[in-house]
Amino acid sequence: MNINWPEKFARKGHELFLSELPIALHCHHYNLNLQKTLETSLGADGALLLYQASEESSYAGFTSFLMQHPEIKTIKSKLELASTSYQYCGLGIIKFNHIGPEGGMVVSPHSHHVTGWLAKYGRRASPGCFFSRGWIAGVLAVIYDKHIGYFLVDERECKMTVAKECVFEVTVA
Ligand SMILES: [Zn+2]
């Protein structure tokens with residue numbers, strides 16, 4: 001697989017595009033303040049809002065990406081592209097080593113949201129990678145040709161609680 005990332009991840013004037021879809025790039029101050037605000041004001045509904053927004057945007061973005069690369073056909077190649085895309089966007093490292101159409105486990109040893117949360121607010125008492133959970137659910141729905149909401153992604157261990165890595169469990173909803 002040979003993706004021209006500077007072409008895929010392009011700036012046109014003041015706008016930024018990923019695979020021809022307009023995107024917003026924010027630093028950890030914005031992203032983690034947004035999460036903190038949503039959790040503080042809405043509680044579990046705020047976390048769910050982040051999860052669902054992330055799931056919808058990764059579903060739309062990855063669908064668009066794959067439509068432009070019909071040569072990427074196998075599940076293995078699509079998972080590799082998803083992981084590379086996550087990394088290229090500065091979101092972190094994500095490993096789809098134990099995943100299939102019925103779900104499985106996904107591991108992230110480093111992420112933007114973990115680093116940002118720990119820098120701004122310190123250790124959490126509970127897992128907090130809501131964006132990553134939704135992002136994983138969205139790309140897996142595309143890769144396995146399912147609808148949004150088909151997969152449910154929970155976080156079993158989280159580096160925000162100072163676990164060794166973030167461990168996500170994927171099940172069929
Ligand atoms: Zn986490």
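**Figure 1. Glu-55, a buried acidic residue without a salt bridge.** In this predicted model, Glu-55 is buried and yet forms no salt bridge. The nearest side chain of opposite charge belongs to Arg-133, and it is 9.1 Å away. A salt bridge requires a side-chain nitrogen of Lys or Arg within 4 Å of a carboxyl oxygen of Asp or Glu, so a separation of 9.1 Å does not qualify. Glu-55 belongs to helix α3, which covers residues 44-67. What does the side chain of Glu-55 reach at 2.9 Å? The partner is the backbone nitrogen of Gly-149. Gly-149 also appears among the residues in contact with Glu-55 once neighbours within four places in sequence are left aside. The others in that list are Gly-134, Trp-135, Ala-137, Gly-138, Ile-148 and Phe-151.

**Figure 2. The whole chain, for orientation.** The protein has six helices and seven strands. Along the sequence they follow the pattern α-β-β-β-α-α-α-β-β-α-α-β-β. The C-alpha atoms fill a box of roughly 45 × 40 × 25 Å, taken along the principal axes. How does the radius of gyration agree with that of a compact globule? For 173 residues a compact globule would have a value near 16 Å, and the protein has 16 Å, which agrees. Of the 173 residues, 45% are buried. Among contacts with a separation of 6 or more, 63% are between residues 24 or more positions apart. The accessible surface comes to about 9100 Å², and 55% of this surface belongs to carbon and sulfur atoms.

**Figure 3. The salt bridge between Arg-124 and Glu-39.** Side chains of opposite charge can pair when their charged atoms come close. The count of salt bridges in the protein comes to four. In the one shown here, Arg-124 pairs with Glu-39, and the closest N and O atoms are 2.7 Å apart. This pair links distant parts of the chain, 85 residues apart. Arg-124 sits in the loop between α5 (112-121) and α6, whereas Glu-39 is in helix α2, residues 28-42. Are the two partners buried or exposed? Arg-124 has a relative accessible area of 9%, so the residue counts as buried. Glu-39 is partly exposed, because its relative accessibility is 22%.

**Figure 4. A salt-bridge network around strand β6, with Arg-133 and Asp-154 as one pair.** Arg-133 forms a salt bridge with Asp-154, the closest N and O atoms being 3.7 Å apart. Arg-133 lies in helix α6 and Asp-154 in strand β6, so this pair ties together parts that are 21 residues apart in sequence. Arg-133 is buried, with a relative accessible area of 17%. Asp-154 is partly exposed, with a value of 24%. A further salt bridge joins Arg-156 and Glu-169, with the closest N and O atoms 2.6 Å apart. Because Arg-156 lies in strand β6 and Glu-169 in strand β7, the second pair ties together parts 13 residues apart in sequence. Glu-169 is partly exposed, at 25% relative accessibility. Which residues belong to the network made by salt bridges that share partners? Arg-133, Asp-154, Arg-156 and Glu-169 are joined into one network.

**Figure 5. Asp-145 and Val-162, two loop residues with positive phi.** Phi of Asp-145 is near 60°, a positive value in a residue other than glycine. Asp-145 is placed in the loop between α6 (130-143) and β6 (151-157). Asp-145 is exposed, with a relative accessible area of 70%. Val-162 also has a positive phi, near 70°, and is likewise a residue other than glycine. Where is Val-162 found? Val-162 is in the loop between β6 and β7, the latter covering residues 166-172. Its relative accessible area is 53%, so Val-162 is exposed.

**Figure 6. Thr-115 in helix α5.** Thr-115 is placed in helix α5. Is Thr-115 buried or exposed? At 54% relative accessibility, Thr-115 counts as exposed. How far apart are Thr-115 and Phe-9 in sequence and in space? They are 106 residues apart in sequence and 23 Å apart in space, C-alpha to C-alpha.

Definitions and conventions
Residues are numbered from 1 along each chain as its sequence is written. This is a predicted model: local features need pLDDT of at least 70, side-chain atom pairs count only at pLDDT 80 or more; totals for chains, interfaces and linings use all residues. Side-chain values use heavy atoms; hydrogens and water are left out. Helices (H or I, at least four residues) and strands (E, at least two) are DSSP runs, numbered from the N terminus. Buried means under 20% relative accessible area, exposed over 50%, partly exposed in between (1.4 Å probe, protein chains only). Lys and Arg count as positive and Asp and Glu as negative; His and the chain ends are not counted. A polar contact is a pair of N or O atoms within 3.5 Å; within protein, one must be able to donate a hydrogen and the other to accept it, and residues adjacent in sequence count only if both atoms are side-chain atoms. Contact means heavy atoms within 4.5 Å. The radius of gyration is taken over C-alpha atoms; the globule rule is 2.2 Å times the number of residues to the power 0.38. Accessible areas come from the Shrake-Rupley method with a 1.4 Å probe; for residues, only the protein chains shown count as cover.
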